Amino acid sequence: MTAVGFVGLGIMGSPMAGHLVAAGHQVTGFDLATEAVRKLAQTGGRTAGSVAEAVDGAEVVITMLPADPQVEQVVLGEGGVLEAAKPGTLVIDMSTIRPETSQAVARAATERGLRALDAPVSGGETGARQASLSIMVGGAEADFAQARPLLEALGKTIVHVGPAGAGQVVKAANQLVVGGIYALVSEAIVLLEAAGVDPGPGLDVLAGGLAANRILDLKRESMIARQFQPGFRIDLHHKDMGIVLAAARQAEVALPVSALIAQLIAAGRAMGYGSLDHSALLRVVEQLSGR
Ligand code: NAD
């Protein structure tokens, strides 16, 4: 049994914290949304009224927050995780943020006698609910070894990919591939419908051939039915494409297709779809053809 402080009980964090409770850990959770904290209490977790309270006495702290500013505030800020946690605590940030921010967190943790890992995830809300996430971990090998049993309660593919920040670089690579597949599945649906071919059986065939992928498996029916409740919001994928393009600039590589995907997602936000699931990229592709 590990004493875990958990901050950020949203679409992903809520089921993840629930799995840790179910695995027998003592989980104390905090979120700005009181409803999210209440939900954790219903599953047997403990509730906290602040970040400092959630972290008090924890051996491991997990954060699952929207983006860089929230991680900077919650982890590095006044009254935050690094200030409130006892020395030796392992801080695992599972949010998707810039690699540089994860490296800054790791440095600040070391300065305070704590340890930190970046451990972003892939698999979406379904993966979080089914504890089948892919987890890409950056940081020290020994810290990864300590984190592994906890992470095994949350995911199936758990890989140490390198030093601090490396997990976020792998996540950036993941997000450009996911964005590209959504854009192309959207184009396939628009083409089929415009040409008078039923996209249902059409995509069934694609899902059995070389074009097979998990997005076709999990999302083709909801996309054809235009059901876009999140899931993973366009706003968050927009944030992630910013991370991809910044990482590309940092590494001095050209990623032209990623730049195009980023613009399609930006168009989705501009069209007012920011709070819809990223499968709503279909709406953007449709509107480009006046449909
Ligand atoms: P979400 O917005 O549903 O959850 C974030 C939670 O953090 C919210 O409940 C919010 O109230 C809370 N929060 C924000 N600021 C806070 C603060 N200062 N103190 C305490 N709580 C605070 O987002 P999500 O979909 O769960 O995503 C979380 C992270 O996981 C993001 O970085 C996202 O990119 C990543 N991610 C999401 C998915 C997905 O499918 N939703 C998949 C993989 C990765």
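Let us start at the far end of this predicted model, where the buried residues of helix H14 pack against three other helices: H9 (166-194), H11 (214-224) and H13 (256-270). H14 itself covers residues 281-288, and its buried residues are Leu281, Leu282, Arg283, Val284 and Val285. After H14 comes Gly290, with a positive phi near 70°.

Now step back and take in the whole chain. Its secondary structure amounts to 14 helices and 9 strands, and the C-alpha trace spans about 65 × 45 × 35 Å along its principal axes. How does the radius of gyration of the chain compare with that of a compact globule? A compact globule of 291 residues would have a radius near 19 Å, and the chain, at 20 Å, agrees with that. Of the 291 residues, 46% count as buried. Among contacts with a separation of 6 or more, 63% join residues that are 24 or more positions apart.

Next, look inside. The largest nonpolar core holds 81 residues, and the members that touch the most others are Val81, Val91 and Ile92. Helix H9, which we met beside H14, gives the most to this core, with 10 residues. Both domain 1 (3-163) and domain 2 (169-288) supply at least three residues to the core. To get a feel for one of its members, find Val91: beyond its neighbours within four places in sequence, Val91 is in contact with Val61, Val75, Val81, Ala85, Ala109, Leu114, Arg115 and Ala116.

The UniProt record, in an unreviewed entry, places the feature "domain: 3-hydroxyisobutyrate dehydrogenase-like NAD-binding" at residues 165-284. In the model, this span is 71% helix and 0% strand, and its end C-alpha atoms lie 32 Å apart.

A few spots in the loops deserve a visit too. In the loop between H11 and H12 (234-251) you will find Gly231, and the peptide bond leading to Gly231 from Pro230 is cis, with omega near 10°. Arg226 lies in that loop between H11 and H12 as well; although Arg226 is not a glycine, its phi is positive, about 55°. Is Arg226 buried or exposed? Arg226 counts as exposed because it has 12 C-beta neighbours inside 10 Å.

Our last stop is Ala131, in the loop between helix H7 (124-129) and strand S8 (133-138). Ala131 is a residue other than glycine with a positive phi, near 55°. With 19 C-beta neighbours inside 10 Å, Ala131 counts as partly exposed, since a buried residue needs 20 or more.

Methods. Residues numbered from 1 in each chain as written. Predicted model: local features only at pLDDT ≥ 70, side-chain atom pairs only at ≥ 80, totals over all residues. Helix = DSSP H or I, 4+ residues; strand = E, 2+ residues; numbered from the N terminus. Rg over C-alpha atoms; globule rule 2.2 N^0.38 Å. Contact = placed C-beta atoms within 7 Å. UniProt positions renumbered as here; feature names shortened; annotations may be inferred. Core = buried A, V, L, I, M, F, W, Y, C linked by C-beta atoms within 7 Å. Domains from an automatic or database assignment.
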